[in-house]
Amino acid sequence: LFSTEQIHVWSIYWEHQLHKALDVSYQTCIVNFYNEAENIKCFLFVDDGRVKHSPATPALRQQMYTKVKAFIGLPLGFTSTNNSDTVSFITLSNSIVISNVYHFIEDSIMRLEISKIQY
């Protein structure tokens, strides 16, 4: 019915469409990651007249970074039917946004530390 060349072209076209859909989904997940990061619980308490928090800053940072690292690796699990490398570019093409996630984490931790000093 169809030649090998036609099937190959069709396959490349649909794989490209799939990669575009994966990229959009990945970008949407990054936005949702911000929302999830805002919901990480941290308990404030007073000890010896000083405001402290639990988990401690290093554990809190590690918890947040572990979630980011797991998220960043998601596209690496996608496979390509045409042996193309376009899937690996999803993370690369979103690297600025991912970098902003790390800045958001550090900014959140800094605001927490400032809040402890103020009170």
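Is arginine 111 best described as buried, partly exposed or exposed, and which relative accessibility places it there? In this predicted model, arginine 111 has a relative accessibility of 44%, so it counts as partly exposed. Its side chain meets that of aspartate 107 in a salt bridge, with N and O 3.3 Å apart. Both residues sit in helix H4, 4 residues apart, or about one turn of the helix. Aspartate 107 is also partly exposed, at 32%.

Helix H4 holds another such pair: lysine 116 and glutamate 113 form a salt bridge whose closest N and O atoms are 3.2 Å apart. These two residues are 3 positions apart in the helix, and glutamate 113 is partly exposed at 26%. The count of salt bridges comes to 4. One of them joins glutamate 106 to arginine 61 at 2.8 Å, N to O. This pair links distant parts of the chain, helix H4 and helix H2, across 45 residues.

Turning to the interior, the largest nonpolar core has 15 residues, and those with the most contacts inside it include Tyr26, Leu60, Met64 and Ile105. Helices H1, H2 and H4 each supply at least two residues of this core, and the largest share, 5 residues, comes from H4. Isoleucine 105 touches Met64, Tyr65 and Val68, leaving aside residues up to four places away in sequence.

Nonpolar side chains appear on the surface too: Leu1, Phe2 and Ile7 make a patch of about 440 Å². Leucine 1 belongs to the segment before helix H1. Elsewhere, glycine 73 lies in the loop between helices H2 and H3. Glycine 73 and threonine 91 are 18 residues apart in sequence, with 8.0 Å between their C-alpha atoms.

Note on methods: Residues are numbered from 1 along each chain as its sequence is written. This is a predicted model: local features need pLDDT of at least 70, side-chain atom pairs count only at pLDDT 80 or more; totals for chains, interfaces and linings use all residues. Side-chain values use heavy atoms; hydrogens and water are left out. Patches are made of residues with over 30% relative accessible area and no salt bridge: like charges are joined within 9 Å, nonpolar side chains (Val, Leu, Ile, Met, Phe, Trp, Tyr) within 5 Å. Accessible areas come from the Shrake-Rupley method with a 1.4 Å probe; for residues, only the protein chains shown count as cover. A nonpolar core is a set of buried Ala, Val, Leu, Ile, Met, Phe, Trp, Tyr and Cys residues joined through side-chain atoms within 4.5 Å. Buried means under 20% relative accessible area, exposed over 50%, partly exposed in between (1.4 Å probe, protein chains only). Contact means heavy atoms within 4.5 Å.
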